[in-house]
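Dear colleague,

Please find below the structure that I promised to pass on to you, together with its sequence. My notes on what was found in it follow.

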Protein chains: 2
Amino acid sequence: MEKPRLLQGFRDYLPDVMQARLRLLEKVRAVYERYGFEPLDTPALEYAELLKGKYGEDEKLIYEFKDHGGRDVALRYDLTVPLARVVVSHPELPKPFKRYQMGTVWRADSPQAGRFREFMQFDADTVGSNSPLADAEMVAMMMAVLQALSLDHYHIRISHRGVFSALLQSLSISTSDQPAVMRLLDKMDKVGEKTVKAELSKLLNAKVISELFSLLKHDDTDTLLAELHRRLTHNEAGQKAIANFSDIINMLSILPDAAHWHIDLSMVRGLQYYTGIIYEAGLTDHPEVGTIYAGGRYDSLMRDLAGVEAPAVGTSLGVDRLMAVYGAEQAAAPRVVLTVFSGMEKQSFELAERLRQAGLSLRVAYGQTKLGKQLQYADALGASQALLYGEAEEEKGIVLVRDMQTGDQKEHHIEPITDLVTALRRE
Amino acid sequence: MEKPRLLQGFRDYLPDVMQARLRLLEKVRAVYERYGFEPLDTPALEYAELLKGKYGEDEKLIYEFKDHGGRDVALRYDLTVPLARVVVSHPELPKPFKRYQMGTVWRADSPQAGRFREFMQFDADTVGSNSPLADAEMVAMMMAVLQALSLDHYHIRISHRGVFSALLQSLSISTSDQPAVMRLLDKMDKVGEKTVKAELSKLLNAKVISELFSLLKHDDTDTLLAELHRRLTHNEAGQKAIANFSDIINMLSILPDAAHWHIDLSMVRGLQYYTGIIYEAGLTDHPEVGTIYAGGRYDSLMRDLAGVEAPAVGTSLGVDRLMAVYGAEQAAAPRVVLTVFSGMEKQSFELAERLRQAGLSLRVAYGQTKLGKQLQYADALGASQALLYGEAEEEKGIVLVRDMQTGDQKEHHIEPITDLVTALRRE
């Protein structure tokens, strides 16, 4: 028989990784619930039609096929399009609708280091409100999540698509040139300022480029906004964007972690659909993992996706990127293994049952007959302690607790069982 | 724009259902961890070849298609075949390998009431040991799970495929007739004893049928096993099966919940691959949901699936069936909604942040301007309490706590914030 293989670009999550992953998701979930977000799940398969025309060039990455009934179906490509379908299908849901979703998505991308064809997205979105409170809440929640994960060295860059667009207008950069300018600025982190300026010079004259960069690099937000306000006196959309951005920043100023975020108008994010605030977070002590959290306001996407008028703001957590850091920092849970002496199977089963009922997580080493092999098994599992329970121990009402690091063995009374469990947990 | 639709046989899990679902999974997970099982996840897509020849006639239900690279790929049909692939691909995993997996599977079945094309399986399996301790542990764990879910009215029927097969042999029922006899007995719950006997009469003579039923209905297990032991003196496999079953039952006898299980050799379960103990659980107060938990020992399946010698025992939880009962019994979490007065946005944001940092789950009603509409929103969410925080309250350092049931409003001091959170949680 040929050895079965994984498909390229796909992966198994083995227990140690999966444990850390579930712990991470659980902690994020707890924060999201505190912020009033509720879980949603949607199918892996959708009508292919729903996904078509939504992802531009990347549409070719959609896994699409005909099902048994001849319908064109597709594996979901993200969680935003299914969210739009749910919102339009369930008008009864109270608005704003605040949901989070942890879900696998599939993209037939070329597999390369760190890029997979199947990966998890973990999104939180508020649909149906354009209040700056919703935006500020999203940033505060990201900070609360990173804090809950004990990731103290993070930084959030915040910008505003509307303000940015107004800034370009104030420099008389035409709306048709704006997407190209944005795309170039988006590359700044990768290719550096010099290259970006050289590329920009094909579109803009030197004076405009110089003014653009001096505005982008303003390190005092109030001065920048005042300057933009002055330049955009007759631009209503621009004034509204500035007012909206000011409202959000004003709220964020109450957060105790002011050092964890700053305004950076040169941060533009790739996606076209943002209309208001945008933000992205990275780890300052792990710059190599890149952006771990990002999102923004998208007030027309729901209309484009599903014909429903619903201003929205959202954020997406990079679970895989975060796991590269978080997984490594999490120690595996300590494991206790109960060995089984021949003839003591029933008594060992009973002891195991009692320990588990008292709340202890326990493995029974029933795979091997010999004690030596059982201890090897405990070792392979990374157990911190092994329990030895033979006839002599049963008679004395004790177990031998073996420290798997040192090999030291200590007697411990079985009764009261809760004391034994406490001792095993502490050691 | 046409209203986007769900595919037939698929479903969305809206927040209330999803909340209950996550709570259920979390509780089961906690028990599985206590029993030393660890989480595993595998991809949704596998090489189609891996799934072929594994499911008999049902193979036609597999979602299969060609991917972008022209590979034949398929959506996983169950979690057992991927488990076999993982076990054979990772010989370094200590054996017995104990894993649980919560995973979606896909089957292109005809959709009908309660049958979906996408559903969750929640399996726990011990691979690499044939110890009766592994079997007894599995039954004990099922009982611990049902107890953890506060489902007190459950009953587990236990049988043994080896003993059953020996029983048929003791009646000189040929091995070629045995699968047909099993299939008929498996229908007993659905079609009744009379119909089964009528069908059996096409295969067996009346005396054999009568003897078969008298053995199956033995209500004293010891007598039955002694009787089988006597009949099978020269049948080595039969003797081994009886000894194995006795060992397992002997262990189970230490469990405090003896009334929750009994031996029923007429319970045969559909799947061919079982080789030892089999079990299935139902709810006595909800017989309509059918089997909610089932499994057994399968010592040759891993060899058949992946060419690896690994005796195994497992159990599968019927999440959807359980949710039909469990979901209904779970009250939604109480919700607290903070209303927002015009001009108080920043202060409201600050109060919300402080309450959340102190551990309260909270929604802010920023979707609406008018208080009446905000209270309607709180009502639609099923909130138990709304907080009113206007300028007058800010000055006095209080919030008004409105009971959403009665409309009563009480003042409550904001400081210390932990007292406010405690009060809001208790009410």
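With which residue does Asp16(A) form a salt bridge, and how far apart are the closest N and O atoms? Before the reply, please keep in mind that this is a predicted model, and that the values below were all computed from it.

The partner of Asp16(A) is Arg335(A), and the closest N and O atoms of the pair are 3.2 Å apart. Asp16(A) belongs to helix α1 of chain A, whereas Arg335(A) sits in the loop between α13 (319–329) and β12 (336–338) of that chain, so the salt bridge ties together parts that are 319 residues apart in sequence. Over all chains, the count comes to 64 salt bridges.

Helix α1 of chain A deserves a few words of its own. It runs over residues 15–34, and because each of its 20 residues should add 1.5 Å, the expected span is 28 Å, which agrees with the 28 Å between its end C-alpha atoms. Just after α1(A) comes Gly36(A), which takes a positive phi of about 80°.

Turning to the interface, chain A and chain B bury about 9000 Å² between them, and 62% of this area is on carbon and sulfur atoms. The contact draws on 102 residues from chain A and on 102 residues from chain B. Eight salt bridges are counted between chain A and chain B, and one that joins these chains pairs Glu38(B) with Arg363(A), with the closest N and O atoms 3.2 Å apart. Polar contacts across this interface amount to 42 residue pairs, with both residues at pLDDT 80 or more. On the side of chain A that touches chain B, α1(A) gives the most, with eight residues, and the residues of that side divide into 53 nonpolar, 17 polar and 32 charged.

How are the two copies related? A turn of 180°, with a shift of 0.0 Å along the axis, lays chain A on chain B with an RMSD of 0.0 Å. The two copies are therefore related as by a two-fold rotation axis. Phe65(A) comes closest to that axis of the residues of chain A, its C-alpha atom being at 3.1 Å. The same surface serves both copies, in that 100% of the contact residues of chain A recur in chain B.

One residue of chain B may be worth displaying on its own, namely Leu14(B), which lies in the segment before α1 (15–34) of chain B. If its neighbours within four places in sequence are left aside, Leu14(B) is in contact with Pro39(A), Leu40(A), Val86(A), His90(A) and Glu92(A). Within chain B, the C-alpha atoms of Leu14(B) and Ile156(B), which are 142 residues apart along the chain, are separated by 32 Å.

Finally, there are some points of backbone geometry to look at. Most residues other than glycine have a negative phi, and most peptide bonds are trans. Ser150(A), however, has a positive phi of about 55° although it is not a glycine, and this residue is found in the loop between α4 (132–148) and β7 (154–160) of chain A. The peptide bond from Glu415(A) to Pro416(A) is cis, with omega near -10°, and Pro416(A) is placed in the loop between β16 (409–413) and α17 (417–426) of chain A. In chain B, a cis peptide bond joins Lys95(B) and Pro96(B), with omega about 0°; Pro96(B) has its place in the loop between α3 (80–89) and β5 (97–106).

With best regards

Definitions and conventions: Residues numbered from 1 in each chain as written. Chains lettered and ligands numbered in written order. Predicted model: local features only at pLDDT ≥ 70, side-chain atom pairs only at ≥ 80, totals over all residues. Heavy atoms only, no water. Helix = DSSP H or I, 4+ residues; strand = E, 2+ residues; numbered from the N terminus. Expected span 1.5 Å × (residues − 1). Contact = heavy atoms within 4.5 Å. Buried area = accessible area lost by both parts, 1.4 Å probe. Salt bridge = Lys/Arg side-chain N within 4 Å of Asp/Glu carboxyl O. Polar contact = N/O pair within 3.5 Å; in protein donor to acceptor, adjacent residues only side chain to side chain. Nonpolar A, V, L, I, M, F, W, Y, C, P; charged D, E, K, R; others polar. Least-squares fit on C-alpha atoms with pLDDT ≥ 70 in both.
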